[in-house]
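Grab a pencil and work through these short exercises on charged side chains. Each one comes with a solution, so try it before you read on.

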Amino acid sequence: MENIDWSNLGFGYMKTDCNVRCLYSNGSWGELEVHESEFLNLHMAATALHYGQESFEGLKAFKGQDGKIRIFRIHDNALRMQDSSEGTLMAKVPVDIFEAAVLKAVKLNERFVPPYESGASLYIRPVLFGSGPQVGVKPADEYMFIVFVTPVGPYFKGGFQTTPFVIMREFDRSAPLGMGKYKVGGNYAASLVAGKKAHELGYSAVFYLDAKEKKYIDECGAANFFGIKNNTYITPKSSSILPSITNKSLMVLAEDMGMTVERRQVAVEELSTFEEAGACGTAAVISPIQRIDDIDENKSYVFSPDGKPGVVCEALYKKLRAIQYGDEPDTHGWVTVLE
Ligand SMILES: Cc1ncc(COP(=O)(O)O)c(C=O)c1O
């Protein structure tokens, strides 16, 4: 595209040529539809609007040096959206429909996939919601699945950088037996006030502890946490965090690099023992953590006194990005090349 400044794109919405939709009614899914409009004609009693019957996904497509477009772990996102349907009693989008809709949305908007050199990518947003009306608290009979795409800039414009995070015990994001493990809108609504306060205090995101005991690490903003010590990659096991596909990938890469991987409860005090720490997710791959301030306890856990990312964080980040952009072979079968 002639007039898009690819390297200066942020993470925001930009209109593209079209979106792909699929409707569920009378117990079955229809055909994929291509729409140019960004707007929906939605029933005012749709369950999505009243009872939060909604889930979404986030994944990316990357243009390689060879000009090919690669989509990262599409299958895993399809399965995670099915899990979210289980948690909200929504109709499940079949994996083949999910994958076909994503591929079609990327293909039809191919001209919006940023060039390799820019370090930018195409963000893919599948969303599923109850579109059928209900006034009582009941699941809808009709569902709408939409995939839209939007180009997003490189997360680290000034190079791979560390940022500070903050523990604020006055806020919970999700309950231990609640919805935290699903990618549903309500979790994000529940995080807005805490996120705003963290930003106002100069932090990049909130560092959540488990809601019941405030003893164990859950996750950081919209990303999972990992810590590195003694050649070991350690990441929390919790019933109230989203199973991050980036984290799952990093665990495999850490093992490939000869590290031990532990997925277990991580007590907040253990933070003082980590050599490096990071937040991981689709947006940044890894956002290395400079320090975590526990403002209620008046404590600070510092991982990077000089502000520089640790060597393990940097190695994992480079490795995963190299696979996503096709600079290194996809030995784990994570990449779908667009035909
Ligand atoms: C709450 C939360 N945790 C973790 C993640 C990271 O997950 P993924 O690596 O699949 O993007 C996300 C973002 O998708 C998220 O919203």
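A salt bridge here is a side-chain nitrogen of Lys or Arg within 4 Å of a carboxyl oxygen of Asp or Glu. The model is predicted, so local features need pLDDT of at least 70, side-chain atom pairs count only at pLDDT 80 or more, and totals for chains, interfaces and linings use all residues. Residues are numbered from 1 along each chain as its sequence is written, and side-chain values use heavy atoms, with hydrogens and water left out.

**Exercise 1.** Work out which parts the pair Arg80 and Glu57 ties together.

*Solution.* Start with the atoms: Arg80 and Glu57 form a salt bridge, 2.8 Å from N to O. Next, place them: Arg80 sits in helix 2 (residues 74–88) and Glu57 in the loop between strand 4 (54–56) and strand 5 (59–63), so the pair links parts 23 residues apart in sequence. (Helices are DSSP runs of H or I, at least four residues; strands are runs of E, at least two; both are numbered from the N terminus.) Finally, both residues are buried, meaning under 20% relative accessible area, with exposed over 50% and partly exposed in between (1.4 Å probe, protein chains only).

**Exercise 2.** Sort Arg70 and Asp66 into buried or partly exposed.

*Solution.* These two form a salt bridge, with the closest N and O atoms 2.7 Å apart. Arg70 has a relative accessible area of 10%, so Arg70 is buried. Asp66 comes in at 46%, so Asp66 is partly exposed.
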